[in-house]
Structures are given as structure tokens and as C-alpha cells.
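Have your viewer open and your selection tool ready. We will go from stop to stop, with something to select at each one.

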Amino acid sequence: MGVAAAFAGLLGSGSARAIDVPLGNESMTLDVSNTSDLGYHFDNRNTPPLDPANPTLSPLQRLDDDYGDWFDRLQVRAFYKKFSFALRVDSAVFFNLLDREGTQAYIREKLGRDDLALENRFGEELQSHFGQPLPGGARGVIYPSKISFGYKNEFLDATLGDFYLQLGRGLILSVRKIDEVGIDTTIRGAKVRVSKSQAGHRVEATGFAGQFNPIRIDYPTGRILNGSGSLVFPGSPTPSDFSEWVPNPKYSASSPGAEPEFLFVTKRAKPSYLEDGVVGANFTYGTRLFELGLNGVSVLRQSNSAEFELCKNRPGADVDACQASYPAFGQVGAARLHDQIRNLSATVNVPSIAGVGDAYVEVAAQHQTQGRVSSIGPNGIVREPDLTGYAVYANLNLHQGPLAATLEGKHYRRFFPLAANIDAGGPPFGAPELNLLAYSLSPRAESIYTEPIGAPDVCISGGRARLDYAVARERKVYGWVGRFASWSELDPTNSECKTDPALRTDTWDTAAGLELSSRDGNSHYWGWIGARLTDLAVPTLLNTEQTEPSDVFYREGYIRYDLGQHLKGPFSISMVGFHRHRTQALKTWTEGENLLALNYNPSFSFIFGFEHTTREGFPNTYFNGAIAYRASSRARWYHKLAESVRLFVGQRRAALRCVGGVCRVFPAFEGARIEVVSRF
Amino acid sequence: MKTSILAMALATLVAACGEATPTATTADSVDATTSGAKAPDFDLKTLTGESISLSSLRGKVVLIDFWSTICDPCLKEMPELVRLYEERKDKGLVVLAIATDGPETVANVSTVAKERNMVFPVLLDTETSVLDRYNPEGRLPFTEVVDRQGNVVLKRSGYQPGDVESQKSLVAAIDAALGPSGAPPAATPAAAPAP
């Protein structure tokens with residue numbers, strides 16, 4: 001592997017730190033770090049028992065067991081005078097995967113017979129999920145995920161290559177790192193930002209253009225995202241054709257020599273991701289009293305839906321070939337029905353209100369046009385109609401003495417996230433795990449510890465008030481209450497934002513917390529408790545088990561805690577946990593996790609974890625343990641080689657996990673992993 | 001914050017901040033004393049609407065701290081940073097607290113800054129572009145100490161309350177950079193902006 005070679009080269013160089021390389025009168029700073037992560041998956045217990053009435057097997061539920069993976073990220077940064085260079089190379093290797101013979105044996109063992117169609121589905125899933133074949137039966141990918149050249153002086157900040165960007169509070173554009181949920185999206189193209197300050201006035205303008213660049217390796221699931229081969233992304237993963245044996249429909253058992261029993265056919269490769277173009281600008285004017293901003297973004301999706309329909313309608317057309325030549329994703333969702341989206345917003349920021357607060361308001365508009373073509377026929381082209389929406393978000397913070405208040409309000413109508421152009425369908429070429437990818441993120445105001453209220457941008461109004469009170473320096477209490485009316489939680493496809501009472505849900509979102517710390521700061525006791533109560537505006541029968549209509553949509557409660565106690569000398573003990581309980585449509589479940597750690601500062605932590613769930617179809621209990629090591633100095637070469645090491649052994653449940661309000665479902669894991677971070 | 005699959009598996013076990021599940025045990029800290037490397041320049045807006053660039057602070061000792069309101073270890077670390085700053089600000093120490101909150105939580109930054117008594121400049125890196133430049137692994141909290149000449153003299157990631165050794169290293173690096181008298185060298189071009 002190239003990464004391994006580069007890594008070995010670095011080790012061989014004996015490099016001991018961020019390096020200053022003399023260049024003329026100046027020096028170039030070189031910063032290299034590498035994260036390597038090796039794991040092995042055992043049976044993660046997500047395969048349900050075979051249904052005797054309808055015996056069938058799910059390829060993914062078997063393919064995610066009994067294999068190993070190795071992920072590596074090499075990051076290089078160089079800085080010289082006002083210039084910078086950044087390169088990130090990502091690689092993934094999957095080994096001991098189920099091969100053809102193994103698949104046949106597994107199907108025979110489970111079903112008691114051969115099943116060529118099922119065997120092919122296993123092969124298709126394997127190929128689309130785990131990348132290209134490598135020697136020794138392994139699969140994987142290596143590619144330059146981020147590369148950029150930058151120049152920055154007092155007035156100008158220019159980037160060619162990958163850059164992060166957010167306009168306003170992310171309503172109309174937000175591409176950034178949210179690594180914990182596997183998101184690290186940039187725009188690859190060009191960005192120029194100029195700014196000038198004089199006599200208390202400041203002007204800033206930004207222009208940019210390029211194509212969105214999500215990470216092509218989904219670290220939580222190992223799914224490889226295959227693009228369409230855009231020239232902007234040389235070396236990025238692309239799909240490869242899939243060849244398989246299929247039964248020959250012309251074969252006859254009575255005359256076996258006339259036709260072969262099986263045919264070797266090749267399915268044309270299709271991408272799971274189409275690279276979206278973007279162009280936009282920002283202009284900001286500010287003084288010490290206020291700041292005004294104007295933002296505009298135009299997203300150009302390539303959907304190929306019209307070309308695909310034309311191709312398909314040709315006499316004798318091969319639909320599979322049409323899909324390969326003009327990939328058009330079927331399961332696009334309401335946020336992916338238009339190929340041109342224009343977002344505009346205006347912002348007002350007041351950084352200080354008489355020294356006791358600050359305020360922010362953003363008003364955004366969205367126009368979606370070039371709707372997906374659903375058919376081309378005698379009556380002409382049938383497209384999704386244009387859609388226009390808007391969003392208003394406001395935030396006021398007030399502080400006085402030990403009291404602080406945070407007020408947020410939002411009013412969103414037909415305002416959709418910039419969903420990435422992902423094929424959310426199944427195998428052989430879909431990538432449903434990446435369905436959450438979006439290039440914008442709206443402020444939501446509700447709790448960030450559980451999932452947002454359904455389809456949160458489409459049709460919702462509401463707000464939240466939070467109050468913090470510092471009883472003393474070591475004691476704080478806080479609480480919030482939010483109230484929301486949504487017309488898209490019950491029906492996420494309500495893209496026209498019909499405000500029919502039958503579609504409305506009313507939510508109370510509330511929580512309270514307490515933070516206590518010891519005077520020396522070495523021990524702490526933090527706790528949160530929250531609840532969400534959502535009612536239907538019109539009582540409804542939500543499932544067949546209900547005998548009477550109910551106005552209760554769901555009830556959810558959760559508790560979080562974070563406790564740390566200094567014991568003696570370098571020893572401390574800590575415990576963290578999160579537990580939630582939910583009732584919806586007559587079904588109730590509880591899930592959560594608890595971790596207990598003994599810390600020997602500064603180098604070691606020994607951690608024991610326990611997870612539980614009562615969700616239907618999942619094992620109830622999960623146990624795990626981990627050892628974390630960190631180098632306490634950088635005096636020796638091996639401290640840099642293994643700046644931190646983490647070993648994890650055990651089970652984790654499949655669960656929704658939220659980071660700062662961004663939520664995704666993580667698959668179950670059972671096995672062992674070791675991660676080594678090196679910094680040179 | 002970090003990207004790797006192990007972090008996902010370990011989510012709650014070690015203190016990569018803003019994890020999908022509760023955080024706290026911060027087995028993640030690393031003291032990483034470096035020397036000589038120039039700190040890359042950046043330019044960010046403060047909560048009060050001003051712009052601050054690192055290069056404008058040449059001649060000061062700058063402690064750069066990447067944090068976020070959803071990172072529990074970051075919040076636990078804050079009283080120590082406040083104490084460090086208050087004890088050494090007259091000697092030329094500047095603390096820049098760079099908040100990496102995204103759209104979901106950036107509204108809370110000013111409240112948290114006030115209630116944690118963050119009397120130093122709080123900068124907003126909502127794009128995560130400066131975070132990526134300094135700390136591509138994305139771990140929080142992440143601290144760098146930059147000397148008066150603009151060289152990085154210490155890096156530290158993670159925070160564990162009661163980690164005396166790590167704290168000693170941080171204090172020693174700051175004091176060494178400030179010098180015995182705390183007096184800046186003769187050619188000090190800039191002063192720290194008001195918080």
C-alpha cells in the first residue's frame with residue numbers, strides 16, 4: 001500500500017517532530033500525522049433466525065461478520081511563508097471476506113440447497129461495499145481524499161483544492177468536519193476571500209466554485225462511495241463492472257446440448273454518488289455594533305434523469321446499460337427531486353446588546369428547479385414541479401450576573417437540506433448508509449441529544465428558551481423548554497408544507513441539568529435529564545393494535561451523567577452514561593450505555609462498558625472493555641510513533657448516535673480493534 | 001473529535017469530544033512538546049465581532065485552545081485555562097479559545113463563554129478550517145502554545161481533570177516561553193486585543 005510505504009519512509013527517516021526545512025531565508029514547516037486502525041469483526045448478532053415459511057438470507061447481515069479491516073489516514077501539512085499545502089490520503093483494506101466458495105457453502109448450510117441468484121446478490125454486495133479486489137482475496141481502496149494549496153496575507157485568503165465553508169448559520173451551506181458521525185465534506189475547487197478593515201468598518205467578500213467532496217470511505221460501516229469519475233477527483237473510487245453466471249432462459253433440460261445452462265453476463269458499473277457542482281458568494285459588512293451578511297449558493301446536481309428516460313425509451317434499449325451510461329438514482333427522497341437549487345440568505349448579527357447580550361437573525365429563501373424527469377412520452381416531459389421555500393431563524397442571548405438566557409426561534413417552510421446525490425437504494429450499487437449526507441445544516445433549537453423532530457427543515461415552527469444559573473463557581477444548574485409545531489414529522493414527504501391539522505404534531509422538548517465540581521477541579525458530578533412529549537393535533541389510529549384514536553404520538557425521556565472522582569495521586573475514576581426510554585404506537589423500548597473507567601494519569605485508562613436495549617429484534621445486553629494509552633512525553637521516537645494507542649474488545653449495539661444534533665445509525669459491532677495515532 | 005472507526009467503537013470509552021454518546025474519561029490527552037515549527041497563521045472573528053489573526057499577536061505567548069460547547073472535557077478544562085490566563089496575562093500570555101461548534105450549537109457559545117468566565121477572546125471556527133489546519137485528527141480539546149517568535153512549543157490533546165503531570169508540562173512550557181521576567185523581547189510589535 002502506498003500509505004504503508006509512506007509511513008515506513010517516515011519511520012525510516014527518524015523524523016522526530018514537526019520539521020522546519022530551511023528554504024532560503026525562511027523555513028518550511030512540515031507536519032505529518034497518521035492514524036492507523038486495525039480491527040476484526042466477529043458475529044455482530046444482527047442476523048435473524050431463518051423464517052421456515054420464507055427462508056431467505058440477507059447478504060449484508062452475513063458479510064458484516066467474520067472479516068478484518070484496516071483503515072489508515074495520512075495527513076501532511078506544509079507551511080512556507082504565506083503559502084500552505086495540505087494532503088490527506090485515505091485507505092481501507094478489507095480481508096478474510098467471504099469468497100465465492102464460502103458463499104456457496106454458507107447458502108447450502110442455511111438453505112440446504114444451491115441458490116445462484118442469492119449467490120450473485122452476495123457477490124454484488126461484496127463488490128459494491130468493499131471496493132476493488134486486492135491481492136490475496138482482499139478488497140479495498142486508497143485515494144487522495146483532500147488536497148489543497150493556499151495563500152493568505154492580511155487582505156487575501158485564497159485556496160485551490162479542498163476547503164471547508166459555512167455561510168451564516170449553515171441554513172444554506174455548511175460543509176465541515178463532523179468526524180464522529182463519519183462526515184468530513186469539503187468543496188474541491190477554488191475559493192477567494194478578501195477582507196479590509198478601516199476606522200471601525202470591516203468589509204469581507206468571498207467567492208467560490210467547485211464540486212462537493214465527501215469522504216468516500218464511510219468509516220462506521222466500511223461502505224465505499226463510488227463516484228462517476230469526475231476529473232476534479234482523480235484517483236477517487238469508481239465502480240467496476242460486475243460479472244456473474246446467470247441461468248440461461250433458453251436452456252432446456254430435455255436437450256441439454258442445445259444451449260448452455262448458464263450464461264456469463266457482465267453488469268455495467270454504476271456509481272453510488274454523483275458529484276454535485278456548487279458556486280456561491282458571500283458579502284459581509286460590519287462595524288463594532290452590528291454585522292450584515294448576504295449569502296448566495298447555487299447547487300447544480302447531475303441527475304441524468306432525462307437522458308436515462310430517453311435512452312430507456314429507445315427501441316430495444318438495454319435498461320441496465322442505460323442506467324450505467326446515465327446513472328439516475330431511483331430512491332432520491334423529497335430533498336433530491338431537483339437538479340438546480342438556489343439558496344439565498346441575509347443575516348444580521350449584533351455581537352453586543354448593551355454589554356448584556358447578543359442577537360442573530362437569518363432569513364433564507366430556496367428555489368428548486370430542473371425537477372427530476374419521471375417520464376418522457378407522447379405528452380412530453382414530465383418533471384417534478386419547481387418548489388420555493390423559506391426559513392427564518394433567530395437567536396437572542398442575554399447574560400446578567402449569574403444568569404444567562406438563550407432564546408432560539410425558527411420558522412421553516414418547504415426549505416430542504418442540500419442532500420448529497422447519493423444512491424440510497426440497495427445492492428449492487430447503492431450506498432444507503434450515506435443517505436444522511438447533506439451540504440447544509442439548519443439550526444434546530446430542539447435537544448441535540450436525541451434525533452431532531454422529523455424532516456426538520458421542511459415544515460416546522462417553534463422555539464426554545466434556556467436558562468443557566470451559576471449558583472457558585474463550582475455549581476451550575478440549567479434547564480430549557482421548547483415548543484414546536486411540525487407538519488412534516490408525521491409525513492416527511494409533505495414537501496408542499498400543507499398545514500392540515502391532521503398532519504400536525506405538537507412537541508414539548510424540555511431538559512434540566514446540574515453541574516457540580518470540587519474546588520480543586522479534580523472531581524466533577526454532572527447530570528442531565530430530559531423529555532420530549534409529542535402529540536397529534538388530531539387523534540389518530542397509528543397502528544392496527546390500537547382500539548381507539550389517540551393524540552399521543554410518542555413520549556421520550558433520557559438521562560445523561562458524567563461523574564469523575566479523583567482518588568489519590570495519579571488515580572481517578574470516572575463514569576459516564578446515557579439511557580433513553582421511548583413509547584410510540586403502543587411499543588415501548590429502553591436503551592443505553594454505561595462506562596466505568598479507572599485512570600492512571602497521564603498514560604493509561606482501563607475502561608469497562610455495558611450497553612442494553614429492549615428494542616425488538618436486537619440482543620439485550622452488550623459488554624466491552626478497552627485500554628487507552630497516551631504518550632506522556634515526546635522524548636523518544638516511539639512516543640511519536642505511538643502518540644496514542646487504543647485497544648477495544650467486545651460488543652457494541654446498533655444504535656442511533658447524535659453529535660451536536662447530527663444523528664445517524666451505527667451498525668452493531670462485535671470484535672476487537674486497535675488504533676494507533678502517530679504524529680511526527 | 002476524530003474520524004476513525006475505532007473512535008466510533010469506543011465512542012463513550014475515551015474522551016474524543018462531541019462523541020455520539022456521553023464523553024468524559026479523557027484517556028485521550030497527549031503532551032506533545034515540539035520545538036521550532038512555525039504556527040500557521042489564521043484569521044477568525046471573535047464573539048464580539050472583531051477579527052483576530054495569530055500574526056497580529058507576534059511578541060506575545062499565545063495559548064490556542066480548540067473547544068466546543070458539546071465537548072465535556074473542554075468545559076472541564078476551561079477553569080484551568082482561565083486561571084492560567086489570569087495569573088499570566090500581565091506577563092504577556094494571550095489565550096485564544098477557538099469554538100468549533102457547528103450550526104446546531106453555535107448559539108450556545110456566548111452563553112457558555114460567559115458562564116465559564118472565559119475572559120479571553122473566544123473565536124468562532126464554524127467552518128472547522130483552522131481546526132483542520134492545526135489538528136487534522138480533530139480531537140478536542142486541543143491546545144497549542146506558541147512562543148513570542150511564533151513557534152509552536154507545545155501541543156496537547158484531550159484533558160483529564162486531575163492530570164497533574166500534563167498540567168505541569170503545560171505550565172512549564174508557557175512559563176519558559178514567557179521568560180523569567182515575563183518581559184517581551186525588545187522587538188514586540190503587537191499587543192493582545194481586549195477580550
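## First stop: Arg466(A)

Select Arg466(A), then show the residues that it touches: beyond its neighbours within four places in sequence, Arg466(A) is in contact with Ala405(A), Thr406(A), Tyr478(A) and Trp480(A). Two residues are in contact here if their C-beta atoms, placed from the backbone, lie within 7 Å.

Before going on, a word on what you are looking at. This is a predicted model, in which local features need pLDDT of at least 70 and side-chain atom pairs count only at pLDDT 80 or more, while totals for chains, interfaces and linings use all residues. Residues are numbered from 1 along each chain as its sequence is written, and chains are lettered from A and ligands numbered from 1 in the order in which they are written.

Now show the cartoon. Arg466(A) lies in strand 26 (residues 459-472) of chain A; helices (H or I, at least four residues) and strands (E, at least two) are DSSP runs, numbered from the N terminus. Is Arg466(A) buried or exposed? Arg466(A) counts as buried because 21 C-beta neighbours lie inside 10 Å. The cut-offs are 20 or more other C-beta atoms within 10 Å for buried, 12 or fewer for exposed, and partly exposed in between, with C-beta atoms placed from the backbone. Add Leu407(A) to your selection: it is 59 residues from Arg466(A) in sequence, yet their C-alpha atoms are 6.4 Å apart.

## A loop residue: Ser495(A)

Go next to Ser495(A), in the loop between strand 27 (475-486) and strand 28 (505-517) of chain A. Ser495(A) has 22 other C-beta atoms within 10 Å, so it is buried. Leaving out residues up to four places away in sequence, Ser495(A) touches Ala334(A), Leu387(A), Arg414(A) and Val458(A). Try a distance too: the C-alpha atoms of Ser495(A) and Ala335(A) are separated by 8.5 Å, although the residues are 160 apart along the chain.

## One side of a helix

Select helix 5 (residues 305-313) of chain A and colour its buried residues, Ser305(A), Phe308(A) and Glu309(A). They lie on the same side of helix 5 of chain A because they cover an arc of only 100° around the axis, the arc being that of the directions from the helix axis to the C-beta atoms. An α-helix has 3.6 residues a turn, so residues three or four places apart point the same way. What do these buried residues pack against? Show helix 6 (319-325) and strand 22 (373-377) of chain A to see their partners.

## Neighbouring strands in chain A

Pick strand 35 (residues 644-652) of chain A. It runs antiparallel to strand 34 (residues 621-630) of chain A, joined by 7 bridges, and antiparallel to strand 38 (residues 669-679) of chain A, joined by 9 bridges. Strands pair when DSSP finds at least two bridges between them. On one side, find Arg630(A) opposite Ser644(A); on the other, Gln651(A) opposite Glu670(A).

## Into chain B

Now select strand 4 (residues 61-67) of chain B. 7 of its 7 residues are buried, so strand 4 of chain B is largely enclosed by the rest of the structure. Val61(B), Leu63(B), Asp65(B) and Trp67(B) point one way, and Val62(B), Ile64(B) and Phe66(B) the other.

Strand 4 of chain B runs parallel to strand 5 of chain B, with 7 bridges between them. Phe66(B) has Ile98(B) as its bridge partner.

Colour the largest nonpolar core, which has 123 residues; Ile98(B) is among those with the most contacts inside it, along with Val62(B), Leu96(B), Ala97(B) and Val145(B). Strand 5 (residues 93-99) of chain B gives the most to this core, with 7 residues. Such a core is a set of buried Ala, Val, Leu, Ile, Met, Phe, Trp, Tyr and Cys residues joined through C-beta atoms within 7 Å.

## Last stop: colour by confidence

Colour both chains by pLDDT, the predictor's confidence in each residue, from 0 to 100. Chain A averages 88, and chain B has a mean of 78. Look at residues 1-17 of chain A and residues 1-34 of chain B, where pLDDT stays under 50. Where pLDDT is low, the predicted coordinates should not be read in detail.
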